[in-house]
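Let's take a walk through this model together, one feature at a time. Keep the viewer open and follow along.

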Amino acid sequence: MALLLAGGALWLGFRPWLRILHRPAAVWVAAGLYGSLWITLFYAGSAMPNHYSAMGATAAVGCLLAPRPRYAGVAAGLTVVTLMRPNDGVAVAAPLLLAAVLMPALRRHGRASGGVCRPW
């Protein structure tokens, strides 16, 4: 049961990145590489909070970096992180709050594009 929950968390954590990156295969490779690490397999199988905190943070950042930021997704990801580890919730929320304040100004001045990766 814990592994099904961990797999669902992995899917939900990397899902927002599918709409951001121009190469969706990169998201699947990143999720596969993360999911195959021994530390991920150990902690996810043991139902420890490290994996779920990481997936909440991954989803929150992905939702914030979307061309049209989805703040409900950011809040949901940060809620998961904070419920799992309150100190990690603060450590992730502080830079994301700063980024949420600065992103509109950077996009307006052309320093940040609508997507994360642009083809070279």
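**A pocket, some rings and a charged pair**

H4 gives the most to the lining of the largest pocket, with five residues. Bear in mind as you look around that this is a predicted model. Helix H4 covers 49-64, and it shares the job with H1 and with helix H5 (71-84): each of these supplies at least two residues of the lining. In total, 17 residues line the largest pocket. If you want to find the centre of the pocket, look for Leu12, Gly13, Arg15, Pro16 and Ala59, which lie nearest to it. As for volume, the space in the largest pocket comes to about 310 Å³. The idea behind such a search is simple: roll a probe the size of a water molecule over the atoms, and you see where empty space is left.

Now for the aromatic rings. How many aromatic pairs does a search of the whole structure find? There are two. Take Phe14 and Tyr34 to begin with: their ring centres sit 6.3 Å apart and their planes make an angle of 50°, so this pair counts as tilted. To be edge-to-face, the planes would have to be over 60 degrees apart, and to be stacked, under 30. This contact links distant parts of the chain, since Phe14 belongs to helix H1 (residues 2-14) and Tyr34 to helix H2 (residues 24-35), with their positions 20 residues apart. Are these two buried or exposed? Both Phe14 and Tyr34 are buried.

The other pair is Phe42 with Tyr43. Here the centres are 5.1 Å apart and the planes stand at 70°, so the geometry is edge-to-face. Phe42 has a relative accessible area of 43%, so it is partly exposed. Tyr43 is partly exposed too, at 22% relative accessibility, and since the cut-off for buried is under 20%, its value falls on the partly exposed side.

Phe42 turns up again on the surface, where it joins Leu37, Trp38, Ile39 and Met48 in a nonpolar patch. Together these residues offer about 530 Å² of accessible area. Within the patch, Trp38 is worth a click: it lies in helix H3 (residues 38-45), and its relative accessibility of 66% makes it exposed.

From Phe42 you can also jump to Leu65, which is 23 residues away in sequence and 30 Å away in space, C-alpha to C-alpha. Leu65 is found in the loop between H4 and H5. With a relative accessible area of 21%, Leu65 is partly exposed.

Another pair of positions to try is Gly7 and Gly56. In sequence they are 49 residues apart, while their C-alpha atoms are 13 Å apart in space. Gly7 sits in helix H1, and its 36% relative accessibility puts it in the partly exposed class.

Last stop: charges. Side chains of opposite charge can pair when their charged atoms come close. How many salt bridges does the structure hold? The count is one. It brings together the side chains of Arg85 and Asp88, at 3.8 Å from N to O, and the cut-off for a salt bridge is 4 Å. Neither partner is buried: Arg85 is partly exposed with a relative accessible area of 34%, and Asp88 is partly exposed at 29%.

Methods: Residues numbered from 1 in each chain as written. Predicted model: local features only at pLDDT ≥ 70, side-chain atom pairs only at ≥ 80, totals over all residues. Heavy atoms only, no water. Phe/Tyr/Trp six-rings, centres within 6.5 Å; stacked < 30°, edge-to-face > 60°. Helix = DSSP H or I, 4+ residues; strand = E, 2+ residues; numbered from the N terminus. Buried < 20%, exposed > 50% of the residue type's maximum accessible area, 1.4 Å probe, protein only. Patch = residues over 30% accessible without salt bridge, like charges linked within 9 Å, V, L, I, M, F, W, Y side chains within 5 Å. Areas by Shrake-Rupley, 256 points an atom, 1.4 Å probe, with all protein chains shown as cover. 1 Å grid on protein atoms, 1.4 Å probe; cavity = no way out; pocket = protein on both sides within 12 Å on 5 of 7 lines; lining within 4 Å. Points joined across faces, edges and corners; volume = space filled by probe spheres on them.
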